[in-house]
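User: I have a model open and want the reasoning behind its labels. Can you take me through the assignments one at a time?

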Amino acid sequence: MPHILIVEDETIIRSALRRLLERNQYQVSEAGSVQEAQERFSIPTFDLIVSDLRLPGAPGTELIKLGQGTPVLIMTSYASLRSAVDSMKMGAVDYIAKPFDHDEMLQAVARILRDRQPASSAPAEPRPAGKTADKPSVDNSNGEIGIIGSCPPMQDLYSKIRKVAPTDSNVLIQGESGTGKELVARALHNLSKRAKAPMISVNCAAIPESLIESELFGHEKGAFTGASAGRAGLVEAADGGTLFLDEIGELPLEAQARLLRVLQEGEIRRVGSVQSQKVDVRLIAATHRDLKSLAKIGQFREDLYYRLHVIALKLPPLRERGADVNEIAQAFLLRQSARINRTDLKFAADAEQAIRHYSWPGNVRELENAVERAVILSESPEISAELLGIDIELSDLDDDDFVGLAPQQGGGSNTSHEPTEDLSLEDYFQHFVLEHQDHMTETELARKLGVSRKCLWERRQRLGIPRRKTGVASES
C-alpha cells in the first residue's frame, strides 16, 4: 500500500485529504509544517508527498530537497499559480490548484505513483467523476483513453485520439460546456511521447484580461505595477510537454498574437523583455464557440484559427450519446454512494427512463450534480426521477453556485436585490448582471454574486448575456 505524506497547515483541508486518500486504499501520514514533518518522519521513505506551497516556516518546495527523489505534489491557490510554476522548475512533479476536486486529486496521485513504480505494483487509477464534474469517468474498456461510453460517435473519437496522440500536431477540441473536453486533452497527452513531461491546463475565461499575457508568457521585473520580480509563464512551464488552453475563444486579441508566435516560431518573449527564448510545447485548445465565425467578425485571429485547426476533434453532447448516459450515471452513483458509505442505492425504473430521455443541456456536469444531490437526499435505497429533479431548470448549476446568488454585503451599489418567490435564481442572476455590468468589473460582479469569475463566465454563456467590452472600469 503506497504511503503518502500530507503537509498542510489548515487542519480542515488536511483532515479531508487524509480521509479521501485513506478511503482509496492509501496509507497516510500528516504534518502541519516542514519542520514538523522533519521531526516526526523520515521523509525519503514516503512514496509521495502532497504539500501546500505556503506553510508556516519553510515553504512546501523545501520538501523537494528533503525527499531525496520522492515525488512532491504541490497544492496552491489559483492566486499563487505562477509560484506553482516556479515550484515545478524547482523539481515538483506536478501542482494542483486549491480548492481541488476529489477526483482531480485522486487522478494526480494515481498518475504520479504509476509513473514512479513498475506497472505491476502501481495502484489502479480511481474511476473519476470529473475534475470539476466536467468530464466522464474512467472506463477500462477504453484502455488508456479513460472515457466512459461506447456509442458510435465516441468510438470514432477514440479512434482519432489514438491516431493523433503520438504526433505533435496542434489539436482543437470542440464541444458544448460540460462534455469532457479536458479529459480528451488529458488522453492526448497521456498517449503522447510527452506523457512524462507536464501538462499545463489554463482556462482562458477564468483569468482577468489584464493578467492573461503575464500568466501565459511571464514577465520581467518592473514590467508593470506590482511586478516586483520576474516570473516564468505557463507556456514556459509546459516546455517539453503539453499546453491545454480551455475556452480559447475568450483569449484577448493581444494574447492571441503572442500565442501565434509560439506556434509559428517556437519561442516566447516575456512581458517587458526584449529577448525571446525557445520553447517546445504541443498545444491543445478547446472551445464551445464557433471560432471560424468569430474570425470572420474580427473577434478571433484567422491566422491563429488555421494554426489551431490542424486536427479538430468533436465531442458529442450527452443527449446524442444514447445509452452512454445511463452508464455514466451509474458510475456517478457508485462514486457518490462510496463517499457517504452507502452500498444499497440504485436508480428506480422511472429514474433510468428519465436519465435516458432528458436532454441534459449541462451535459456531464449537470448529470453529476443531479446524481450527487439525489444520493445526499435519498432516504430509501431507490432513487426516483423526482428525487433526481432533472426537470428543474436550475439542475445544472454547481452546488456552490447557489451559495452566493444574493449579493454579498458591503461595497458596490447601495441597491439591495433579494430573490423573491416569483423570481428564479437564473432570472435574478440575469437581472443583476444586466443592471450592474456597466459600472462593475467582472471581478466585482462575481464577488457581489458570491461566485467565481469562471462561474460568472459560464452563467453568461448559458444565458446568452454578452460581456461588455467598454464602459466598465478596467480589471486590476
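Analyst: The turns below set values against cut-offs. One point before we start: this is a predicted model.

User: What makes the contact between E30 and R14 a salt bridge?

Analyst: The N to O distance between the two side chains is 2.7 Å. The cut-off is 4 Å, between a side-chain nitrogen of Lys or Arg and a carboxyl oxygen of Asp or Glu. The value lies within the cut-off, so the pair qualifies. The two residues come from distant parts of the chain. E30 sits in strand β2 (residues 27-31), R14 in helix α1 (residues 11-23), 16 residues apart.

User: Why is E30 called buried?

Analyst: Its relative accessibility is 17%. Buried means under 20%, so E30 counts as buried. R14 passes on the same test: its relative accessible area is 13%.

User: How do you know that R18 and E22 form a salt bridge?

Analyst: Their side chains meet at 3.8 Å, N to O. The limit is 4 Å, so the pair counts. R18 and E22 both belong to helix α1. They are four residues apart, about one turn of the helix.

User: Are R18 and E22 buried or partly exposed, and why?

Analyst: R18 has 22% relative accessibility. E22 has a relative accessible area of 39%. Partly exposed is the range between under 20% and over 50%. Both values fall in that range, so R18 and E22 are partly exposed.

User: What does E30 form with R18?

Analyst: A salt bridge, with the closest N and O atoms 2.8 Å apart. E30 lies in strand β2 and R18 in helix α1, so this pair ties together parts that are twelve residues apart in sequence.

User: Which residues are linked in a network of salt bridges?

Analyst: R14, R18, E22 and E30. E30 bridges to R14 and also to R18, while R18 bridges to E22. The structure holds 20 salt bridges.

User: What makes helix α7 mostly covered?

Analyst: Nine of the ten residues in α7 (residues 181-190) are buried. Charged residues are among them, including K181, E182 and R186. L183, V184 and L188 are also on the buried list.

User: Why are β7 and β12 said to stand at the edges of the sheet?

Analyst: Five strands form an open sheet in the order β7-β8-β11-β6-β12. β7 (199-203) and β12 (311-314) each have a single partner strand, so one side of each is left without a neighbour in the sheet. The twist averages 20 degrees from one strand to the next.

User: How do you know that β7 and β8 pair?

Analyst: Two strands need at least two bridges to pair. Five bridges join β7 to β8 (residues 242-246), so the condition is met. The two strands run parallel. V202 stands opposite L245, and N203 has D246 as its bridge partner. β7 is mostly covered, with four of its five residues buried.

User: How many bridges join β6 to β11, and over how many do β6 and β12 pair?

Analyst: Four bridges join β6 to β11. β6 and β12 also pair over four bridges. Each pairing is parallel. Q174 stands opposite T287 in β11, while I173 has L313 as its bridge partner in β12. Helix α6 (residues 152-164) lies across β6 (171-174), β11 (282-287) and β12. α6 runs at about 150 degrees to β12.

User: Which residues touch the most other members of the largest nonpolar core?

Analyst: I200, V235, L245, I248 and L308, out of 51 residues. Helix α10 (residues 253-265) gives the largest share of this core, five residues. Leaving aside neighbours within four places in sequence, I248 is in contact with residues including L259, F300 and L308. C204 is on that contact list too.

User: Why are C151 and C204 called buried, and how many disulfides does the structure hold?

Analyst: C151 has a relative accessible area of 9%, and C204 has 3%. Both values are under 20%, so both cysteines count as buried. The structure holds zero disulfides. A disulfide needs a pair of cysteine sulfur atoms within 2.5 Å.

Note on methods. Residues are numbered from 1 along each chain as its sequence is written. This is a predicted model: local features need pLDDT of at least 70, side-chain atom pairs count only at pLDDT 80 or more; totals for chains, interfaces and linings use all residues. Side-chain values use heavy atoms; hydrogens and water are left out. Buried means under 20% relative accessible area, exposed over 50%, partly exposed in between (1.4 Å probe, protein chains only). Axes are lines fitted to C-alpha atoms, for helices over the stretch in contact, and angles run from 0 to 180 degrees between N-to-C directions. Contact means heavy atoms within 4.5 Å. A nonpolar core is a set of buried Ala, Val, Leu, Ile, Met, Phe, Trp, Tyr and Cys residues joined through side-chain atoms within 4.5 Å.
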